[in-house]
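Student: I have a new model open and would like to walk through it with you. Could we take it one question at a time?

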Amino acid sequence: MGDRMRQEVEKLTGLREEIRQMGGEEAVAKHHGKGKLTARERLALLIEEGTFVEVGMLGSEFGVEELVPADGVVTGYGKLNDGVRIRDVAVAAYDFTVRGGSMGAVNETKVTRIREIALKERIPMIWLNDSGGARVSGGGLSGERVALFADSGYLFKDEALMSGVIPLVAAMMGPGYAGTAYIPGLSDFVPMVKGTSFMGLGGPALVESVIREKLTEDELGGSKVHCEISGCGDLEVKSDEECIRAIKEYLSFFPQHCDEKPRRRELSGDPTAWIGDGILNVIPDNPREAYDMHDLIRYIVDDGYFFEMKPKWGRNIVVGFGRIAGYSIGIVANNPMFYGGVIDIDAADKAARFIWLCDAFNIPLLFMSDVPGFMVGSKAEKSGIIRHGAKMVHAVAEATVPKLTLIVRKSYGAGYYAMCGRAFDPDLLIAYPGAEISVMGPEGMVSIFARKQLAEAENPQEMTERLADDIRPQINIFKTAKYGVVDDVIDPRETRKVLFRALEFTKDKKILRHPRKHGVYPV
């Protein structure tokens, strides 16, 4: 090696080491003081040691002389071990210790490059978001950059076109305002760290200046707001470390891209073994009594493990991932513990989005139906229950993955359709003893055909219950089964065995729809 090359290499080594220090000791200490890991510490937890290839490490802010390490974002690709496979992933980790992780010209050039790599190689794209949004100081949006704003927005377009091709994960591990708020908005999975993550189209200062509303970051767009109220967040976690684990667990259910199927996890037990008698105690004897659908799900999935999406939003429907005999499966289940399991606007939106996600990545769907129907009333109608419900129906109808339907207790009215009833081409349609399929529940029927008698009765409630009990045997599942419109009525203890056989049988399913650009989706 010549002297000149040796000097250049030494210079490069020193420059790289300076970049690895990010915003410097003081900025890193301040960051740690907020209970947050740095971008590079997060990457060390996410990516297998020695496999990360950094792309654009030498990038620095446009229009300034001093070094701006990595221009506030670490980009690259490496190996991620999700417990099922070791897979390649692409990552953009915004570094809040450098310019608040804000998006400048070079910063976004780097992220554009890693998006291109992810899509070209068809590997999952992961954002670790900790950014104040667009850079409005230094060289960020000054001079020519302001004029060039008209040539921006590729991030949003690219992410929309990546959707459904490769898995998109946007972990909120700090703020994500303005432009960086649409990264999670367009992603498939959005975990949020409690107390340190926030997202919004405008931060507190902008909101106060525009509409005079004074709010803290947490009040405006914290994890509680988005995981419980808006539905924009998918999972609230307690720490950066838990957030990284959640990303790995989520990806373990997915293939690398839309033309693959999820890899089956090795299973040590017998997939045909019957479930213990405890499952018989989950569903109450009283058909009007509530129970928690999670209790039933845990009996059915491998090791009782269920990875739930949006657990605190739209709680009358449960969606998430589990495994049956090692096969990934997406579960959509009504939960009678909340509003009786009725499908309202939030539940319909939650289910539709999840069904589209599973269908995009070849994950079979299991519908567990205990639904009284869709929400009715003036409030529901004024809020658009028809178009929101139509969204869920649309998603179920067009899904081409294996669809398995289990009528757990009841499936009434249009709720039966939305939960993949017979007309929606389930590959398996089964029910438990005592289940009911009907245009409506017995009480609803009584309220219509016995309206006059109820108006004149001394005790309308008692009359309703008595007449409903007379009707209930007429809609019992064994009556329905006699007509051959369900495939079988099964012992709950054989649920795993029956579902396993269906997953084996349908693993190579392929459906061809009528050629079109896309449907005209309800909104």
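Student: Which helix does Val 9 lie in, and is Val 9 buried, partly exposed or exposed?
Tutor: Keep in mind that this is a predicted model. Val 9 sits in helix α1, residues 3–20. Buried would need under 20% relative accessible area and exposed over 50%. At 34% relative accessibility, Val 9 therefore counts as partly exposed.

Student: How far is Val 9 from Lys 410 in space?
Tutor: Along the chain, Val 9 and Lys 410 are 401 residues apart. Between their C-alpha atoms, the separation is 71 Å.

Student: What about Trp 274: where does it lie, and which residues does Trp 274 touch?
Tutor: Trp 274 belongs to the loop between α11 (240–251) and α12 (293–300). With 46% relative accessibility, this Trp 274 is partly exposed. Leaving out residues up to four places away in sequence, Trp 274 touches Asp 491, Arg 493, Glu 494 and Lys 497.

Student: Does the span of helix α21 agree or disagree with the expected value, and why?
Tutor: Helix α21 covers residues 495–506, which is 12 residues. At 1.5 Å a residue they should span 16 Å. The end C-alpha atoms are 17 Å apart, so the two values agree.

Student: What covers the buried residues of α21?
Tutor: Let's begin with the residues themselves: the buried ones in α21 are Thr 495, Arg 496, Val 498, Leu 499, Phe 500, Ala 502, Leu 503 and Thr 506. Their cover includes α12, β10 (317–324), β11 (327–334), β12 (365–371), β13 (403–412) and β14 (428–431).

Student: Which helix gives the largest share of the largest nonpolar core?
Tutor: The largest nonpolar core has 59 residues, and those with the most contacts inside it are Leu 128, Tyr 250, Phe 321, Val 332 and Met 392. Its largest share is nine residues, and they come from α13.

Student: How many residues are in the other core that lies apart from it?
Tutor: Among its members are Ile 275, Ala 325, Ile 430 and Leu 503. This other core has 31 residues.

Student: Which helix gives the most to the lining of the largest cavity?
Tutor: A search of the whole structure finds one cavity of 30 Å³ or more, and the volume of the largest cavity is about 60 Å³. Its lining is made up of Asp 188, Asp 234, Met 309, Lys 310, Val 319, Lys 350, Arg 353 and Phe 354. By class that is three nonpolar, no polar and five charged residues. The biggest contribution, three residues, is from helix α13.

Student: Now for backbone angles: what phi does Arg 122 take?
Tutor: Arg 122 comes just after α4, a helix of 17 residues that reaches 24 Å from its first C-alpha to its last. Most residues other than glycine have a negative phi. For Arg 122, phi is positive, at about 55°.

Student: Arg 212 and Cys 420 each have a positive phi as well. Is Arg 212 buried or exposed?
Tutor: Arg 212 has a phi of about 60° and lies in the loop between α8 (204–211) and α9 (217–221). Because its relative accessibility is 65%, Arg 212 counts as exposed.

Student: And is Cys 420 buried or exposed?
Tutor: Cys 420, with a phi of about 65°, lies in the loop between α16 (413–418) and β14. Its relative accessibility is 0%, so Cys 420 counts as buried.

How values were computed
Residues numbered from 1 in each chain as written. Predicted model: local features only at pLDDT ≥ 70, side-chain atom pairs only at ≥ 80, totals over all residues. Heavy atoms only, no water. 1 Å grid on protein atoms, 1.4 Å probe; cavity = no way out; pocket = protein on both sides within 12 Å on 5 of 7 lines; lining within 4 Å. Points joined across faces, edges and corners; volume = space filled by probe spheres on them. Helix = DSSP H or I, 4+ residues; strand = E, 2+ residues; numbered from the N terminus. Nonpolar A, V, L, I, M, F, W, Y, C, P; charged D, E, K, R; others polar. Core = buried A, V, L, I, M, F, W, Y, C linked by side-chain atoms within 4.5 Å. Buried < 20%, exposed > 50% of the residue type's maximum accessible area, 1.4 Å probe, protein only. Expected span 1.5 Å × (residues − 1). Contact = heavy atoms within 4.5 Å.
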